[in-house]
Amino acid sequence: MQGSQSGLVFSLFRLKMIITQAIRNCRPQEVEKQIDFLFIAWYQTSKRIQRLTTANGQAIAIRFLGKNQRLTEGDILYEDESKVIMVSILPCEALVVATDHWIQLSWLAYEIGNKHVPLFVEGTDLYMPYERPMQDWLTSKGYQPKVEQKKLSNPLNANVDYEQH
């Protein structure tokens with residue numbers, strides 16, 4: 001028991017960094033320092049409290065206490081004279097629905113929102129995490145969803161305060 005407690009204390013002391021907000025946002029080619037990437041899945045972008053490890057093994061804690069704080073692709077979480085820690089969202093299997101008709105796009109976004117499925121947008125394309133039942137539903141409605149590896153990084157948010165909904 002004593003050994004496991006000291007191991008716990010040791011691992012807690014190794015955690016040297018608590019992040020409460022992103023410093024700035026940029027693309028990797030804009031950074032002239034060493035980049036230590038924090039690779040995360042799309043669903044981790046909105047988690048307010050989490051412990052993560054960067055690609056180079058740096059343990060960090062995220063503690064976002066403000067409303068609507070979220071991690072985004074390219075966020076710089078730490079910076080010193082020689083390195084930065086930058087967020088990179090991992091690609092995942094996603095359903096892609098493309099349409100040039102704004103009314104169809106609006107209707108589709110509304111219906112998908114009613115199903116409480118996370119929805120992402122780029123231009124007139126809608127993206128959502130792959131789920132076979134959703135693919136079947138979209139096909140039954142006459143759409144031709146494609147399955148692609150995609151970084152889900154631009155969430156379509158309703159104008160609803162989560163504390164009031």
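Helices (H or I, at least four residues) and strands (E, at least two) are DSSP runs here, numbered from the N terminus. By that scheme, L126 sits in strand β10. The model is a predicted one, so to speak: local features need pLDDT of at least 70, side-chain atom pairs count only at pLDDT 80 or more, and totals for chains, interfaces and linings use all residues. Residues are numbered from 1 along each chain as its sequence is written, and side-chain values use heavy atoms, with hydrogens and water left out.

**View 1. L126 and its surroundings in β10.** L126 has a relative accessibility of 2%, so it counts as buried (under 20% relative accessible area; exposed is over 50%, partly exposed in between, with a 1.4 Å probe and protein chains only). Leaving aside residues up to four places away in sequence, L126 touches L95, V96, V97, L105, L108, A109, L119, F120 and V121, where contact means heavy atoms within 4.5 Å. L156 is 30 residues from L126 along the chain, and their C-alpha atoms are separated by 9.0 Å.

**View 2. The open sheet β9-β10-β8-β11.** Four strands line up in that order, with antiparallel pairing; two strands pair if DSSP finds at least two bridges between them. At the edges stand β9 (120–122) and β11 (146–150), each with a single partner strand, so one side of each has no neighbour in the sheet. On average, neighbouring strands are turned by 40° against each other, direction ignored. Three bridges join β9 to β10 (residues 125–129), an antiparallel pair, and V121 has L126 as its bridge partner in β10. Helix α3 packs on the sheet, touching β8 (92–98), β10 and β11, and its direction makes about 15° with that of β8. For such angles, axes are lines fitted to C-alpha atoms, for helices over the stretch in contact, and the values run from 0 to 180 degrees between N-to-C directions.

**View 3. Strand β7 and its partners.** What covers the residues of β7 (residues 83–89) is worth a look: seven of its seven residues are buried. K83, I85, V87 and I89 point one way, while V84, M86 and S88 point the other way. Strand β3 (residues 34–40) runs parallel to β7, joined by seven bridges, and F37 stands opposite M86. Strand β6 (residues 75–79) pairs with β7 in the antiparallel sense over three bridges, with M86 as the bridge partner of I76. A hairpin is formed by β6 and β7, with three residues between them.

**View 4. Aromatic pairs, four in the count.** Rings of Phe, Tyr and Trp (its six-membered ring) pair if their centres lie within 6.5 Å; planes under 30 degrees apart count as stacked, over 60 as edge-to-face and the rest as tilted. The F37 and F39 rings have centres 5.5 Å apart and planes at 25°, so this pair is stacked. F37 is partly exposed at 23% relative accessible area, and F39 is partly exposed at 41%. W107 and W137 are also stacked, 6.2 Å centre to centre with 15° between the planes. W107 lies in helix α2 (residues 102–114) and W137 in helix α3 (residues 132–140), so the pair ties together parts 30 residues apart in sequence. W107 is partly exposed at 36%, whereas W137 is buried at 16%. W42, Y43 and F120 form one aromatic cluster.**View 5. Salt bridges, seven in the whole structure.** A salt bridge here is a side-chain nitrogen of Lys or Arg within 4 Å of a carboxyl oxygen of Asp or Glu. E79 and R24 meet at 2.9 Å, N to O. This pair links distant parts of the chain, with E79 in strand β6 and R24 in strand β2 (residues 24–25), 55 residues apart. R24, K33 and E79 are joined into one network by salt bridges that share partners. E73 and K151 meet at 3.0 Å, N to O. E73 is in the loop between β5 (59–63) and β6, and K151 is in the segment after β11, 78 residues apart.

**View 6. Cysteines C26 and C92.** The count of disulfides (pairs of cysteine sulfur atoms within 2.5 Å) is zero. C26 is buried at 8% relative accessible area, and C92 is buried at 16%.
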